[in-house]
Amino acid sequence: MKAVIAVAGMGTRFFPISKTINKCMLPVLDQPVVAYAVADCLAAGADKIAIVTGTGETGRQVRHYFTEDTDLRDFFTARGQEDKYAPVAHLHAQADFTFIEQPRDGRYGTALPVMLAGDFIDGDDFLLLAGDDLLLRPDGGHDLADLTAARTTVGTPGAIAAATVPGHAAHRYGILTPRPTSSGHQVLSSIDEKPADYTRPTAYINISRTLLSGDAVPYFDKLQPSPATGEFQATDAIAAYARDHEILIHPVTGEYHDCGNTTGWLAANTAAARGNGITLP
């Protein structure tokens, strides 16, 4: 199992701080957001993880966090303060990390990480997720691990995580439209971006966590930019793959937080603090 984590976005909703600090490196309590994504991948069985970063300083920060800093380790060791370095001492050894830099070549969109990571994926199953959101569960479980297990049990080539929201909020999200199968599970029929006329009481929304077979990569490679946005959209490739293969829709139990905006990031910190018995001022 491999994983591709996308963190190359510009973070415009956090400007000006995101000019220098990658939004995925903003803290939720004492860890950056992306560390939660890595933990989810590890729990799901991924031991090879590619992190697709932007260019320049924001990409350097992510690489530095997940690589050994011998100078910093020696600094604390020389002062008898190994406990200070202990929380980060094994970050680099959690998995076999690969860092891929997404160039600023005029292309943009959520599909680019897979398009750039084709050689890394090399035909294997892979998880694809954004590094700027997270699912918090008070039981300590990992929805990505549950998704992987469910996909194995059902035997579909892919699976996609779905959070559930009230129908009146559906217009704010990409909606996963399911269709039933003869075996009783739901698979992906289509992905509808921010429908204005949604009438059902609840909706499954796309939260950018998908497990795919390696044969999905050509669907990304064949993409053309969206006529509406000019972006290469992962949802277009996933929807095309779903027309030819079954992708299990897996409802998550964790509390979803989009940390790509200030409201979601603040809510995630509040929820994480509550889960750890911390009262914020």
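How many bridges join strand β9 to strand β10, and do these strands run parallel or antiparallel? In this model, which is predicted, seven bridges join β9 (residues 174-180) to β10 (residues 186-193), and the two strands run antiparallel. Pro 180 stands opposite Gln 186, a residue of β10. The hairpin that β9 and β10 form has five residues between the strands, and Gly 184 in this hairpin takes a positive phi near 100°.

A positive phi is also found after helix α1, which is followed by Gly 45 with a phi near 100°. Helix α1, which spans residues 33-43, is mostly covered, in that eight of its 11 residues are buried. The buried residues of this helix are Val 33, Val 34, Ala 35, Tyr 36, Ala 37, Val 38, Asp 40 and Cys 41.

Aromatic contacts were considered next. A pair of aromatic rings is described by the distance of the centres and the angle of the planes. The structure holds seven aromatic pairs, and one of them is formed by Phe 75 and Phe 76, whose rings meet edge-to-face with 5.4 Å from centre to centre and 80° between the planes. Phe 75 is partly exposed, with a relative accessible area of 39%, whereas Phe 76, at 17% relative accessibility, counts as buried because the cut-off for burial is a relative accessible area under 20%. A further edge-to-face pair is that of Tyr 219 and Tyr 241, with 5.2 Å from centre to centre and 90° between the planes. Tyr 219 lies in helix α8 (residues 217-221) and Tyr 241 in helix α9 (residues 234-244), so this pair ties together parts that are 22 residues apart in sequence. Both partners, Tyr 219 and Tyr 241, are buried. The ring of Tyr 219 has a charged neighbour as well, since Lys 222 lies over its face at 5.1 Å from the ring centre. A comparable arrangement involves Lys 2, which lies over the face of Phe 120 at 5.3 Å from the ring centre. Elsewhere, ring pairs link Tyr 65, Phe 66, Phe 97 and Phe 99 into a cluster.

Charged side chains form another set of contacts. Side chains of opposite charge can pair when their charged atoms come close, and the structure holds 14 salt bridges. In one of these, Arg 60 is joined to Glu 57, with the closest N and O atoms 2.9 Å apart. Both residues belong to helix α2 (residues 57-65), where Arg 60 and Glu 57 are three residues apart, about one turn of the helix. An α-helix has 3.6 residues a turn, so residues three or four places apart point the same way. Arg 60 counts as partly exposed at 40% relative accessibility, and Glu 57 counts as partly exposed at 33%.

A salt bridge is also formed by Arg 73 and Asp 74, in which the closest N and O atoms are 3.5 Å apart. Here Arg 73 is partly exposed at 31% relative accessibility, and Asp 74 is partly exposed with a relative accessible area of 41%. Glu 255 forms a salt bridge with Arg 274, the closest N and O atoms being 3.7 Å apart. Glu 255 lies in strand β13 (residues 255-258) and Arg 274 in helix α10 (residues 262-275), so the pair ties together parts that are 19 residues apart in sequence. Glu 255 is partly exposed, with a relative accessible area of 37%, whereas Arg 274, at 53%, is exposed. In addition, a network of salt bridges links Arg 137, Asp 139, Asp 143 and Asp 146.

Pockets were examined last. Rolling a probe the size of a water molecule over the atoms shows where empty space is left. The largest pocket has a volume of about 1700 Å³. This pocket is lined by 50 residues, of which Arg 13, Thr 110, Ser 208, Tyr 256 and Asp 258 are the closest to its centre. At least two residues of the lining are supplied by each of β1 (2-7), β6 (126-130), β8 (158-166), β11 (202-212), α9, β13 and α10. Strand β11 gives the most to the lining of the largest pocket, with six residues.

Notes:
Residues are numbered from 1 along each chain as its sequence is written. This is a predicted model: local features need pLDDT of at least 70, side-chain atom pairs count only at pLDDT 80 or more; totals for chains, interfaces and linings use all residues. Side-chain values use heavy atoms; hydrogens and water are left out. Rings of Phe, Tyr and Trp (its six-membered ring) pair if their centres lie within 6.5 Å; planes under 30 degrees apart count as stacked, over 60 as edge-to-face and the rest as tilted. Buried means under 20% relative accessible area, exposed over 50%, partly exposed in between (1.4 Å probe, protein chains only). Helices (H or I, at least four residues) and strands (E, at least two) are DSSP runs, numbered from the N terminus. A charge sits over a ring if NZ of Lys or CZ of Arg is within 6 Å of the ring centre and within 35 degrees of the ring normal. Two strands pair if DSSP finds at least two bridges between them. A salt bridge is a side-chain nitrogen of Lys or Arg within 4 Å of a carboxyl oxygen of Asp or Glu. On a 1 Å grid over the protein atoms alone, a cavity is a set of points where a 1.4 Å probe fits but cannot get out, and a pocket is an open set with protein on both sides within 12 Å along at least five of seven lines; lining residues have an atom within 4 Å of a point. Grid points are joined across faces, edges and corners, and a volume is the space filled by probe spheres set on the points.
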